[in-house]
Every structure is written in structure tokens, then in C-alpha cells.
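Visitor: I would like a close look at a single part of this model, with its surroundings described carefully. Please take one strand as the centre and then work outwards to the elements beyond.

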Amino acid sequence: MVNCCGLITANKDPVPLKSIEVELEVRDHVATVVSTLNYENKEDKPLEAVFVFPLPGDAAVCHFSAQIGQTQIVAEVKEKQKAREEYDDALSSGQQAFLLEESEQSPDIFSLSVGSLPPGESASIRLDYVTELAVQADDGLRFCLPAVLNPRYQPLGSGGSGGVQVTSVPASLVPYSLSFSARVSSPRPISKVESSCSLDPLQYLNSEQTQATIKLAAGHKFDRDVELLIYYKDAHQPTAVVEAGQASAELGSLMGDPVVMVSLYPEFPQSVMSSVASCGEFVFLLDRSGSMDCPINNSKQQETRISSARDTLLLLLKSLPMGCYFNIYSFGSSYEHIFPKSVEYSQQTMEEALKKVGEMGANLGGTEILSPLQHIYSQSCIPSQPRQLFVFTDGEVGNTKQVLDLVKKNSGSHRCFSFGIGEGSSSALINGLAKEGGGHAQFITGTDRMQPKVMQSLRFALQPAVVDISVTWDLPKGVSVTVLSPPITALFQGQRSLIYAQLTGQSPKAAEGCVTVKYSLAGHPSQNQLRFSLKPAEDTGSTVHRLGARTLIRSLEMEERERRGQPDGGLKEKVVQLSVQSGVSSSFTAFIAVNKADGEAIQGPLVRRNIPIAWMGVPPINLCSFSTQNAMACGAPMSDEPEMAFGVLRGLDLCGGAPTTVIPKQPPRDPLLQLVSLQQASGCWLLDPALSAALGKTSEEVDKSKPAPVNSDVWATVLALIWLHGFKKDAKEEWELLAMKAASWLRSQNAPCLTECVEAGNALLGCSMQKDVLGL
């Protein structure tokens, strides 16, 4: 059996990477990240060190340099094949060389090759990137430094055989350290910064609290990504930042002209937003690969990702409106669906679906998400039922770009809401699904619970659709605009849309521009307008230019993939030209640095050392290549006996064989979920012993307290609502939609003595809820 720990245990090979230092600079909604990787070759032979690592999926790498002793070498961006050839040539002639390139399958994975590091030599490598910070549903801005890279599943026939080779070890055995510090500045005060990792206290730098610093506490264990959530006061304000062009770049070029970044936050009328759609086709796509059987977080509670997903599907199904349609797909190496096509939501179809959901285990092998998506999109849309797709995955696929191209191709027929479960889920996949599908992305990491985040997204999905979106510009005479961003396809309450545009021409001093967004919401035409100064802001560097270039590069790359096998009109050449001009990474270019001062031939063979990276969870694997590493990740006991080491594999697709049947263990039911499970599709509860038990009462107590003229189902539903509001107020995000459905059902009954009914319910349950609080 191969040893899981490879480089650092069995063979005792030294690891040349010693430490990683990360400095984060956040300016309002945009971040610049400077990473320094320190290498040292303590062996008696020259090394080539290879480190494969993740970055945020929408990051733009914009600087790469190396310091060897007193010599600094700054890398250049070149066409990828040319850069690889130059790297190989440098190594063969005894020169030190450094190569940084993006994976061809997933834009969030980079590999760094440090070539020809002589014995005893040290090298310090600096890597800079810029990225947008995503707005979360609770108004927080999310920055994530991926410290965990799960092995990416390569579907058969996906063309992923040329993917990067990842050396993974359990997090506790990562042999290098990480230090992380952040500086945050904004026009608005910083209210708080939160993290799933231990932080030193927030330090404000001024009395206005618009600048602050924060540090990761010493001793980070690499058992999770480093996630920061930054909260500003009055965060949702539209803004425009104009950044001056580079003096060294040619006027008329992207880097030579000013670039404007517009952040839009449309405010929709509350009367419209409070209404909940009563139609829609809701398609739920659940990952059932082997890694979904791992704990959802690193706490001692052993709730697994799949069990949390089952509970979440219960809440979702109970919260759907009558009159809608739905279906549930699940996938691994193969995929299944509960119904041949989406069915109308009713008590019968809901019960049938919940029975199947309760039997779902993490027993479908790999992570082939492309095939079920293709099948979903092949199904005809239902007239007047907008399609809403919810995707749950721990995001470990190698064909990310192929998946995102498919979602974009079908973006006109649906909205996609995505959920990344657990540490190491691919930000490129999760954010990309939502971005290309016009929806919203959520990440469930650390001690997060899946249910409230998913229900937030369901509220977005139930919002009235914003249609007929257009963006127009009003600029002074002599100034023209070239929009770098793709058209806006989705607008949500409280969600930001970023637009990048190049401004060409000379503008008068103190000139203003104006951008207008028009759209239609629930049949009402509306518009938002933002006026902004054309005078460039000072000291912003090139962050906005580089993010604008990255946005345009991504669009051109996707267009090139769509035209693969056909004339592409020179799209690849345009990407390479734009990447070289802006100094921003792309899938067709790489950063190459060669120390030409060091030309002496190195004695002895060049030895390759793969730098291991932390990983969490069981990847989709086959039995033939299983190692104790896979068992260790899920906390399985180690043993030399194969049957014990393989005990963690129950339910995986073993070497292409038929999936085994796994009946999920049923832990004691959470009281909230117990009550929710009893709700009918119409929104009401039935008066029966199961409801009494869920309320913590006997059937006799419940029956005796019922006002005589009140219908038993009305009484049961009022009790359930009082219990939810009285005892589960802290989980309101999870049950609010199904409670609204219950209140709507009660109002439709025109029940007599409702006030008396609420008073009797309060007396029975020891609460003091008012009718209006219950929505009655």
C-alpha cells in the first residue's frame, strides 16, 4: 500500500518550502494580496520544487518576482508554451528559473515551479494578485485565502488528464508555516471583522474607524481556509472609482486610458420585495460523492455534509409555494433523479420526495457534475414557471471551465444558486456557477450551518425577477466608453453588480459622467442613476485596471472555448496580447523569471520535490489507488489491515463496480426539524400525537386546551407558529418562509375565534405571542 505521507514521512525527504507570509490590503470592495513564499534547499543536490496551490477563482495575478541573495528577478508574462520552453532552456543551461501558470481546467489552481535551486541556496518568491470581495447575504464582504486544496476529480473523457499533479497530506503534517495580516480601509466606518480562524483583536488606526488592521493568530493549523468577513456601516451605497491610466502605457490602450469601476446597489420597493412568488420550477442538484460523508466542519460534532444537506432539503421542500414545480437530482460518478421530469408540488409529491431524500447517502462515487447539468438543461422549461437551480457540492472537480461554459450557455433559461460545502471547495466553481447562472453563491465553512444560508438564497429565488436590464452612459463630448464587463443578467435586492469600463479621450476639468441602469420589476419600469467625477482618484495603483482586464480576459477565454474547433477570429491572440499588456494571468499565458546572472552549469542531476498541501475530506477515488491518507482525512483509525483502513470507503464506487447501498444513520432529530417534518405541503399542521410530542406536550394537554369552535388543523397550525416564534426565534431565517406559508393558509380559512385561539396557545406553551407577530 502506498504511504499517504509521501515526501515528509516515509522517505524523509526535506521539503524546500519553509514559510508563507500573506499581506492583504482591502480598499472598500477590492483587495490586493501580496504573498511571499520562502524556500531553502538543505540537500546536497540541486532541486526543482513544485508547489500546486489554490487562489480565489476570480483573482488576477499581477506580479511575480524572486529574490535570491541580493539579486531580484521580476517575471514577465509570456505565451504559455514559450514560457515553458524558456524555463526548460534555462534549467538545461544551469540558470535558475521560476514559472507560474494557471491550470487549464480550473482557473483557481496555479502551479509554481522553482527550478535549479543549488544546495544551501535560499529563495524568496513574491506573488501579488487582486480580487473583488463578494457581498454575502448578511452584508459582509468575504475574502478567502484557500489554505486547503482537495484533490480535484477528473471525469473520464473530460480531457483533464493533463491536469496538475497535487501532493496532499493531512493538515496536521504540513511542514511550513503561514503568517497572515490585513489592512482594511473604506470611506465608511468598519463595524467588525469576523473569521473562522483565530484572529488577534481588530486594531483601529483612526478615530473615524475607517482604517484598521487585523492578524491571524500564531499557530494556524492548515485545517481550514482563512476566511475574513468584513462589515462596513451603510455598506450598500452605489459608488464609482475612476483610476488613471499608466503614464508608460500607450494612450488608447486599456492600461493607458482611465478605467472606471461602478458598484451598483439598486434599492427595490419594499412593497414589491415583501411579496413571494407563487410559481417557479425548483431543481435541486445534490452532490453524493464520497467526500460528502466527511464532517461538515472541524468541531467535535460529527454532522456530515450529506446529513446536513438532507436536513436542508427538508426545509426547502416545506418552504416551496403551492402551485410551483420541483425535482431533485443527485450525482456522483453517475446521477439519479426522483422524478423523470419536474412535477407539481403537492402533499403526495412532497412526501415521495422526502422519503427518497431520507435514503440518500454519500454513495455515488466521484464528482461528475457535467452530465446531470446537461440532462437538466435538456428538459423543456415549463411555461410561466421560471427555472431556479440549486447546486450543493463540496466542489472538487477538475473540469470547472467546461461546467461553467454549459451554465452560461443556458443562462437565459434559468437562475443558478450554488453552495460550496466544507473547506477546500473550489471558489471558481461555486462563484462561477452563480455568476454565469445569474444567481447567488454561498460558502458553508468553519462552524457555519448550511440551513440559514440556503434559505437566504431561496428568498432571493422567490423574489420577483428583474428583467429588461440596460445600462447607458452619459459622458462629456470627446469622451467615449468601452465596457469591459459582460452585460448584467441578474439584479437582487442588496446585491452588488460591478461594471468596468475604459474611458477614452480628454475630458474637461471637473467634468462629470453619469451611468443609468434601467430595468423592469414585477411589471413596473424602474431606474437607478449614479453621477461620478471623471477626475481619477489618487494613489489607487492599477487595481481597477487589472480587474477590468481580468474581466475581459475571462469573457474572451469563454468565447474561445465555445468556438473551439471553429475559426475563433484570433480570440486566443487577443487574450495573450491583453494578458501581456496588463500583466494579468490568463489560461494562455504564464509568468516566467530567469536569473541570467547565474549561468554556471550545476553539477549532478536536478531532483524534483513536490510541495505537499493540506487537504480535507475523502476524494472520489477508486479502491485501486486508495491510501491511508484518505482514511486519515475523515478521522478513520489507521491499520495495516486493508479491511480496517478501507472501512471509511463504504458507499464509494469501488474501481468502477456498482455503488453499495448505504442507509444513513439517523441521529436524534433536532426539535425544529421534527416539527417542520410534520408540516403539510399546503402550510398547515395536523392535530396528532406526533405534533404534541414535537411541542413537548401530551395529546391530552393539547386537546384539552383547544377552544371548542376552532377547527383542529387551525389549532395545530397556530400552536406550531407560536412554538416557532417563541422557542426558535434565533433560527428564524430557517423557518420564516414555511411560517409565512402557514400564516397564509390560516388567513385563507377565515377561522372564527382566532384571537382566542392564539391566547389559548400562548397559555398552553407558556408564550406571549401577538397575532400580528405570527402574521395573522
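Guide: What follows begins with one strand and its partners, and then moves on to helices and to another sheet.

The model is a predicted one, and its chain holds 18 helices and 34 strands. Of the 776 residues in the chain, 58% count as buried. Among contacts between residues at least 6 apart in sequence, 75% join residues that are at least 24 apart.

The part I would choose is strand 20, which covers residues 281-287 and has seven of its seven residues buried. The covering applies to both faces of strand 20, since Glu281, Val283, Leu285 and Asp287 are buried on one side, while Phe282, Phe284 and Leu286 are buried on the other. As background, the strands of a sheet pair through backbone hydrogen bonds, in either a parallel or an antiparallel way. Strand 20 runs parallel to strand 21 (residues 325-331), and seven bridges join the two; within this pairing, Asp287 has Phe331 of strand 21 as its bridge partner. Strand 20 also pairs with strand 24 (residues 387-393), again in the parallel sense, over six bridges, and here Phe282 stands opposite Gln388 of strand 24.

Turning to the helices, helix 3 (residues 305-319) has 15 residues and reaches 21 Å from its first C-alpha to its last, close to the 21 Å expected at 1.5 Å a residue. Helix 3 is mostly covered as well, with 15 of its 15 residues buried.

Helix 5 (residues 370-378) and helix 6 (residues 400-409) pack with their axes 10 Å apart and at an angle of about 10 degrees. Because angles under 35 degrees count as roughly parallel, helix 5 is described as roughly parallel to helix 6. In this contact, Leu370, Leu373, Gln374 and Tyr377 of helix 5 meet Gln402, Val403, Leu406 and Val407 of helix 6, and the residues involved divide into six nonpolar, two polar and no charged.

Val407 of helix 6 is also among the residues touched by Glu436, which is found in helix 7 (residues 427-436). Leaving aside residues up to four places away in sequence, Glu436 touches Leu404, Val407, Lys408, Ser411 and Met558. Glu436 has a relative accessible area of 18% and is therefore buried, the cut-off being under 20%.

A separate region to examine is an open sheet of three strands, which has the order 27-30-31 and antiparallel pairing. Its edge strands are strand 27 (466-474) and strand 31 (524-533), each of which pairs on one side only. Neighbouring strands of this sheet are turned by 15 degrees against each other on average, with direction ignored. Strand 30 (residues 512-521) is joined to strand 31 by ten bridges in an antiparallel arrangement, and Thr516 has Gln529 in strand 31 as its bridge partner.

The last element is helix 18 (residues 754-765), whose twelve residues should span 16 Å at 1.5 Å a residue, in agreement with the 16 Å between its end C-alpha atoms. Its buried residues are Leu754, Cys757, Val758, Ala760, Gly761, Asn762, Leu764 and Leu765, and the buried residues of helix 18 pack against helix 15 (699-705) and helix 16 (712-727). Helix 18 is followed by Gly766, which has a positive phi near 75 degrees.

Conventions
Residues numbered from 1 in each chain as written. Predicted model: local features only at pLDDT ≥ 70, side-chain atom pairs only at ≥ 80, totals over all residues. Heavy atoms only, no water. Helix = DSSP H or I, 4+ residues; strand = E, 2+ residues; numbered from the N terminus. Expected span 1.5 Å × (residues − 1). Buried < 20%, exposed > 50% of the residue type's maximum accessible area, 1.4 Å probe, protein only. Axes fitted to C-alpha atoms, helices over the stretch in contact; angles between N-to-C directions. Parallel < 35°, antiparallel > 145°, perpendicular 65-115°, else oblique. Contact = heavy atoms within 4.5 Å. Nonpolar A, V, L, I, M, F, W, Y, C, P; charged D, E, K, R; others polar. Pairing = 2+ DSSP bridges.
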